[in-house]
Amino acid sequence: MSRLHRMLAMILFAPLPAYSGWQATNLQLLHGSDYILGPADRTILTLEHARGGDLGDLFVFLDATDRDDIGTEYYGEIYGQIGLSNLTGRSWRFGPVKDVSLSLGLNAGSEPEADPFRAWLAGVSLDFDAPVFQLLQLDIHAYRDESASHTGVQITPAWDARFHVGAQEFRFRGFADWISGRASASGKAQLLTQPQLLWNLGKSVGIHDSLWLGLEYQYWRNKYGVPGGKESLPQVMLMLGF
């Protein structure tokens, strides 16, 4: 694992300062087929962490993908946000928006080996108040891939909602990244979305909220900016919260 990915993993377990209000960590195991640009079958282990406090929020995840051709591939993202309400001492609430945050991000991978992927992001995040949703957010970032000659735009809605069908609890969460063609070395815009539909398995075995089972659907148009590179597949998913 590279120094950068060791750093991302360390951030997941860094101690929270005393003022911090909340934190959430989960481990996800996913398996799917029909991937492109490499082996068709892959198993992915994802460690995801989010925390929030008086000074802002932090979100980070690290993927470890088991591949038959190159061994283990690592990919991670980290985002830090500072709410303007806390920063300025006045409310930034308007309409359904409950706050606006300044946001910085880094996306990094271990591949390609000769020139590992890096992208830097800066912009704003809008947090919404909406029934059922624990999270409903829209990020608008300037996006700079180190392999591209221009800075483009990434727009990302993200969500996390819970609902019941009878006595059973479900969770619908995910995100969608649209990256403008200007941000890609090929000039092709990308669209990646990974919605997840999960059933609260833990409730049936006495560990409510800690174990979820379901599916993640992955759709990626012009994957990595490759023209015509389309990926569309379901992934079986098990998520353990702790």
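**Entry 1: T46 and its surroundings**

I began with the contacts of T46 and set aside its neighbours within four places in sequence; T46 then touches N26, L27, Q28, L30, F61, L62 and D63. I noted at the outset that the structure is a predicted model. I placed T46 in strand β2, which covers residues 42-53. Is T46 buried or exposed? I found a relative accessible area of 6% for T46, and because buried means under 20%, T46 is buried. I then looked at D63, one of the residues in the contact list. The side chains of T46 and D63 are joined by a polar contact of 2.6 Å.

**Entry 2: confidence in the model**

I looked up the pLDDT before going further. The chain has a mean pLDDT of 91, and 92% of its residues reach 70 or more. I marked residues 15-19 as a stretch to read with care, since the pLDDT there is below 50. Beyond near neighbours in sequence, residues 15-19 have seven contacts in the model.

**Entry 3: V60**

I located V60 in strand β3, residues 56-67. The relative accessibility of V60 is 0%, so I recorded V60 as buried. I also checked the spacing of V60 and G80: the two are 20 residues apart in sequence, and their C-alpha atoms are 8.7 Å apart in space.

**Entry 4: a nonpolar patch on the surface**

Which residues form the nonpolar patch on the surface? I listed L27, L29, L45, L213, L215, V236, L238, L240 and F242, which together have about 750 Å² of accessible area. The elements that contribute two or more residues are β1 (22-32), β12 (211-221) and β13 (231-241). Of the contributors, β13 gives the most, with three residues.

I chose L215 from this patch for a separate look. L215 sits in strand β12. With 47% relative accessibility, L215 counts as partly exposed. I noted too that L27 is a member of the patch and is also among the contacts of T46.

**Entry 5: salt bridges**

How many salt bridges does the structure hold? I recorded eight, and I looked up several of them.

I took R67 and E73 to begin with. Their closest N and O atoms are 2.8 Å apart in a salt bridge. R67 has 11% relative accessibility and counts as buried. E73 has 13% and counts as buried as well.

Next I examined R93 and D129, which form a salt bridge whose closest N and O atoms are 2.8 Å apart. R93 lies in the loop between α2 (84-88) and β5 (97-109), and D129 lies in the loop between β6 (118-128) and β7 (133-145), so this pair ties together parts that are 36 residues apart in sequence. R93, at 48% relative accessibility, is partly exposed. D129, at 40%, is likewise partly exposed.

I then turned to E169 and R162, whose side chains meet in a salt bridge at 3.8 Å, N to O. Here one partner is buried, for E169 has a relative accessible area of 7%. The other partner, R162, is partly exposed at 23%.

Finally for this entry, I asked which residues are linked in a network of salt bridges. I found E48, D160, R171 and R173.

**Entry 6: backbone details**

I looked next at the peptide bond from E111 to P112. This bond is cis, with omega near -10°. P112 belongs to the loop between β5 and β6.

Where is D34 placed? I found D34 in the loop between β1 and β2. Phi of D34 is near 70°, a positive value in a residue other than glycine. The relative accessible area of D34 is 54%; exposed means over 50%, and D34 is therefore exposed.

I found L37 in the loop between β1 and β2 as well. Phi of L37 is near 55°, again a positive value in a residue other than glycine. L37 has a relative accessible area of 44% and is partly exposed.

Definitions and conventions: Residues numbered from 1 in each chain as written. Predicted model: local features only at pLDDT ≥ 70, side-chain atom pairs only at ≥ 80, totals over all residues. Heavy atoms only, no water. Helix = DSSP H or I, 4+ residues; strand = E, 2+ residues; numbered from the N terminus. Buried < 20%, exposed > 50% of the residue type's maximum accessible area, 1.4 Å probe, protein only. Polar contact = N/O pair within 3.5 Å; in protein donor to acceptor, adjacent residues only side chain to side chain. Contact = heavy atoms within 4.5 Å. Patch = residues over 30% accessible without salt bridge, like charges linked within 9 Å, V, L, I, M, F, W, Y side chains within 5 Å. Areas by Shrake-Rupley, 256 points an atom, 1.4 Å probe, with all protein chains shown as cover. Salt bridge = Lys/Arg side-chain N within 4 Å of Asp/Glu carboxyl O. pLDDT = per-residue confidence, 0-100.
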